[in-house]
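Q: Can you walk me through this model? I'd like to start with the DNA and then go on to the protein itself.

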Number of protein chains: 2
Amino acid sequence: MRGLDFQRKTKVIVVDDNYDHASGIRELINLENEYEVIANAGNANVAISLIKKYQPDIVLMDMNMPEVDGVSAIMRIMELKLDTKIIVLTAYDDPDLIFRAMKLGAKGYILKTMASHQLIHALDEVVQGKIYLPNVLCSRFFDYFQNFEKNQQNKMEEDENNLLNDLTNREEEVLSLLTQGITYKGVAQKLFISETTVKTHVNNIFQKLQVNDRTQAVLYAINKGFLNKQKMKIA
Amino acid sequence: MRGLDFQRKTKVIVVDDNYDHASGIRELINLENEYEVIANAGNANVAISLIKKYQPDIVLMDMNMPEVDGVSAIMRIMELKLDTKIIVLTAYDDPDLIFRAMKLGAKGYILKTMASHQLIHALDEVVQGKIYLPNVLCSRFFDYFQNFEKNQQNKMEEDENNLLNDLTNREEEVLSLLTQGITYKGVAQKLFISETTVKTHVNNIFQKLQVNDRTQAVLYAINKGFLNKQKMKIA
DNA sequence: ATGTGTCTAAACCTAAAGGTTTAGATTGAG
DNA sequence: CTCAATCTAAACCTTTAGGTTTAGACACAT
């Protein structure tokens, strides 16, 4: 695909607070016929206004900037809802940073330590609409992603402070029905027990969860991932 | 790293309901010195018991199986909490399938249409603890991932059937307090209005949301992303 | 066999929630 | 100006919900 578009060069804006570094990247990119660095920005605010003005095809963004951090900068650029594609360029391979950048919609992620031809390759891939994430960073991302999701599901059981763990089986059943917005009478019918028994269970639940009413109990349950647990039991 | 472990071969279990296909993969893998297919499984249940029994290093899993679907199978294998690594092998490059498999903890994802040496390469990468996701599938994943997160936030406003959109500003405020488990009296104090006024609002909310009590209203609100909306208003 | 935990259930009470109707004040659109 | 929507509020009522105490039946462990 490189060089097929004779109409115009691919417009790139470089965002980096280090002027020397930005200049280096600029020269490197301008060596390529199909790319053109149309502007440099030393901070996020300047970057935003330049992007609004020029609507570049690609923004190469350094992540360790003063004042506004890189993640916020990406967020603000994405909110513009332009066709501009963001490639992150940073010294850090921090999984959390990679995860957040990609989540927000970055199309590529490159380490500064990587060879310069990789930068050009990243540009090539991204202009074609692909994602550019080197294998090393890809693995980092997924380590974080999978553990993140896993933790979301399992943090409940692992949490010593989770009062839901004090509930008996029957109480869990009752709570499960409460989280569906069912009345005492309804719960009694579903569990084939009397309404007063349900009340007893509910009162015990309230004491164990240290709440005062069913709404708070339901909210506590939802926040602690109780619903996920119930779903898993069913499946 | 290949061939450095003289102690034992890497144990692989192949899960595929198509016997011929499973056999083909088995032979292919057994050509490699460092790998050994120790078992085949034609369905998820057999697979689970074989995995429990042999605790293989790698499970190669076909996703289009009858009875139990591949995603559920992955979920059940992950629940065993073994060191077994799952590589998905399927004919489909459906982004949703890729996303769910990776989310659940799959370490690799290969299409059946891909060359056989890629399968071996995937095994090599995964035994080293890396993630194997070919560029095409990686892009598919991120397209889904980035839109997924975006959609989660915006699906509410876009939903024509979302009854929350019928609420007035004041009703939203009241509902917001209900979702914090606050009583009529508490809401009245927070909003500097009388308790009966709160009741009126709440009744209107119930009618608009077509529910009968506060618990159901709170659940409706949570399910439709009301809490996210409130958070966004703050930020 | 004795105690502990769980599930069951009743009686009794108060507080809160929910349903209905009516209505005044304000605002903004036609 | 008038209509509609919204926010406010009261009176009246019924139904749940929640709190407390007591207690029988069963299982399980020491």
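A: One term before the DNA: a polar contact is a pair of N or O atoms within 3.5 Å. By that cut-off B:T168 makes one, because a polar atom of its side chain lies 2.4 Å from a phosphate oxygen of DNA strand D. Bear in mind that this is a predicted model.

Q: Which other side chains have a polar atom at a phosphate oxygen of strand D?
A: B:H201 is one of them, with a polar side-chain atom 2.9 Å from a phosphate oxygen. From the other chain, A:N203 has a side-chain N or O atom 2.9 Å from a phosphate oxygen of that strand.

Q: How many residues surround strand D, and which are closest?
A: There are 18 around DNA strand D. The closest are A:N203, B:T168, B:R170, B:S194 and B:H201.

Q: What share of the strand's atoms within 4 Å of the protein is sugar and phosphate?
A: Sugar and phosphate make up 71% of those atoms of DNA strand D.

Q: What kinds of residues make up that surface?
A: Ten are polar, five charged and three nonpolar.

Q: And which helices supply at least two residues each?
A: From chain A, α8 (184–191) and α9 (195–209); from chain B, α7 (169–178) and α9 (195–209). The most comes from α9(B), which gives four residues.

Q: OK, away from the DNA. Which residues touch the most other members of the largest nonpolar core?
A: They are A:L133, A:F141, B:M102, B:Y109, B:L133 and B:F141, in a core of 105 residues. Helix α4 of chain B, residues 95–104, contributes the largest share, six residues.

Q: Which residues of α4(B) are buried?
A: B:L97, B:I98, B:F99, B:A101, B:M102 and B:L104. After the helix comes B:G105, with a positive phi near 120 degrees.

Q: What does B:Y109 touch, leaving out residues up to four places away in sequence?
A: Its contacts include B:L97, B:I98, B:A101 and B:M102. Also among them are B:Y132, B:L133, B:P134 and B:L137.

Q: Last topic. What turn and shift lay chain A on chain B?
A: A turn of 180 degrees with a shift of 1.9 Å along the axis, giving an RMSD of 1.7 Å. That is how a two-fold axis relates two copies. The same surface serves both, as 93% of the contact residues of chain A recur in chain B.

Q: Which residue of chain A comes closest to the rotation axis?
A: A:T215, whose C-alpha is 2.7 Å from the axis.

Technical notes:
Residues numbered from 1 in each chain as written. Chains lettered and ligands numbered in written order. Predicted model: local features only at pLDDT ≥ 70, side-chain atom pairs only at ≥ 80, totals over all residues. Heavy atoms only, no water. Near = heavy atom within 4 Å. Polar contact = N/O pair within 3.5 Å; in protein donor to acceptor, adjacent residues only side chain to side chain. Nonpolar A, V, L, I, M, F, W, Y, C, P; charged D, E, K, R; others polar. Core = buried A, V, L, I, M, F, W, Y, C linked by side-chain atoms within 4.5 Å. Buried < 20%, exposed > 50% of the residue type's maximum accessible area, 1.4 Å probe, protein only. Contact = heavy atoms within 4.5 Å. Least-squares fit on C-alpha atoms with pLDDT ≥ 70 in both.
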